[in-house]
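Subject: Handover of a structure and notes on its contents

Dear colleague,

Please find below the structure I am handing over to you. My notes on what was found in it follow directly after.

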Amino acid sequence: MAGPGDVLPRTFYAGDVELVAEHLLQKVVVHEAVGRPACAGRIIEVEVYKGSEDPASHAFGGRTARNATMFGPPGHLYVYFTYGMHFCANVVCGTEGEARAVLLRALRPMTGVPVMWAARRAARTERDLCSGPAKLCQSLGIDHRHDGADLVTGDRGVTIRDDGVRPPSPAGAGPRIGISAGTDLPWRRWVPGERYCSRPVP
DNA sequence: ACCGGGATGTTCT
DNA sequence: GAACATCCCGGTG
């Protein structure tokens, strides 16, 4: 295998979405695109979205063409387009039909950093590369073509791997960012002490 | 450091 | 027509 560590199995994603979110911290997102070096970053900040019962979730109100991937089986990438110019990536969790997902909010760049710089001209510091859900997609080259990608088989080059770094215990927890409903829920999770989070943490 | 406005287009009411 | 799981840039302190 080309990336660091072992690709996470399907069963990893099938559990309770809050636990999966905490266990995703310190795992490694790898994008191996044809014709360019692989790039990878360590997950340091995520958010939980709980499908039809969560007023902040795209799945609130039921299935549509856009959110269809969320309602599918776990271990796939749900990529959506927003604000006319940005892509954001979620990991589908739980069981098929629940529409639960974990939004990737920040990574610490690991490998292929020059590729990330080339993909994100606006970045001024290394922190700027992946310190936000749309920034990390731009740096890693993740877009609408990756919606529905299988993270276990790596059918579109994207996988998530365990290289032996343990998740924090306890993880940081606080309200989600950029939403107007469900702001009372502490469903943003991060690696305490990380400087590359999307926003300063409490 | 913090704040405000504009970019840009898909999705849903 | 409004909202949007965002980001960037230029202002001010």
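How far apart are the mean positions of the positive and negative charges of chain A? They are 7 Å apart, for 24 positive and 21 negative charges. Please bear in mind throughout that this is a predicted model.

Overall architecture

Chain A contains five helices and nine strands. Their order along the sequence is β-α-α-β-β-β-β-β-α-α-α-β-β-β. With a radius of gyration of 15 Å, close to the 17 Å given by the globule rule for 202 residues, chain A is as compact as a globular protein of that length. The C-alpha trace spans about 40 × 35 × 35 Å along its principal axes.

Of the 202 residues in chain A, 52% are buried. Among contacts with a separation of 6 or more, 60% are between residues 24 or more positions apart. The exposed area of chain A is about 9,100 Å², and carbon and sulfur atoms supply 54% of it.

Helix H5

Helix H5 covers residues 133-140, and six of its eight residues are buried, so this helix is largely enclosed by the rest of the structure. The buried residues are Pro133, Ala134, Leu136, Cys137, Ser139 and Leu140. Which elements do the buried residues of H5 pack against? Four of the partners are strands, namely E2 (28-31), E3 (39-50), E5 (86-93) and E6 (100-111), and the others are helices H3 (113-119) and H4 (127-130). Just after H5, glycine 141 adopts a positive phi of about 75 degrees.

Backbone features in the loops

Two residues other than glycine deserve a remark for their phi values. Glutamine 26 has a positive phi of about 80 degrees and lies in the loop between helix H2 (17-24) and E2. Its relative accessibility is 14%, below the 20% limit, so glutamine 26 counts as buried. Tyrosine 83 has a positive phi near 55 degrees and belongs to the loop between strand E4 (77-82) and E5. Is tyrosine 83 buried or exposed? At 68% relative accessibility, tyrosine 83 counts as exposed.

A cis peptide bond links serine 169 to proline 170, with omega near 5 degrees. Proline 170 is in the loop between strand E7 (158-162) and strand E8 (172-174).

Aromatic pairs

A search of the whole structure yields three aromatic pairs. One of them joins phenylalanine 81 and phenylalanine 87: the pair is tilted, with 5.0 Å from centre to centre and 50 degrees between the planes. Phenylalanine 81 counts as partly exposed, at 42% relative accessibility.

Further loop residues

Proline 74 is placed in the loop between E3 and E4, and at 10% relative accessibility it counts as buried. Not counting residues up to four places away in sequence, proline 74 touches Arg10, Tyr13, Ala14, Val92, Cys93, Gly94 and Glu96. Its C-alpha atom is separated by 21 Å from that of leucine 136, with the two residues 62 apart along the chain. Leucine 136 is one of the buried residues of H5.

Arginine 156 occupies the loop between H5 and E7. At 35% relative accessibility, arginine 156 counts as partly exposed. Which residues does arginine 156 touch, not counting those up to four places away in sequence? They are His31, Arg145, His146, Asp147, Gly148 and Ala149. The C-alpha atoms of arginine 156 and serine 57 are separated by 25 Å, and these residues are 99 apart along the chain.

Glycine 178 is in the loop between E8 and strand E9 (188-190). Glycine 178 is exposed, with a relative accessible area of 71%. In sequence, glycine 178 and alanine 56 are 122 residues apart, while in space their C-alpha atoms are 9.7 Å apart.

With kind regards

How values were computed
Residues are numbered from 1 along each chain as its sequence is written. Chains are lettered from A and ligands numbered from 1 in the order in which they are written. This is a predicted model: local features need pLDDT of at least 70, side-chain atom pairs count only at pLDDT 80 or more; totals for chains, interfaces and linings use all residues. Side-chain values use heavy atoms; hydrogens and water are left out. The radius of gyration is taken over C-alpha atoms; the globule rule is 2.2 Å times the number of residues to the power 0.38. Buried means under 20% relative accessible area, exposed over 50%, partly exposed in between (1.4 Å probe, protein chains only). Contact means heavy atoms within 4.5 Å. Accessible areas come from the Shrake-Rupley method with a 1.4 Å probe; for residues, only the protein chains shown count as cover. Lys and Arg count as positive and Asp and Glu as negative; His and the chain ends are not counted. The place of a charge is taken as NZ of Lys, CZ of Arg, CG of Asp or CD of Glu. Rings of Phe, Tyr and Trp (its six-membered ring) pair if their centres lie within 6.5 Å; planes under 30 degrees apart count as stacked, over 60 as edge-to-face and the rest as tilted.
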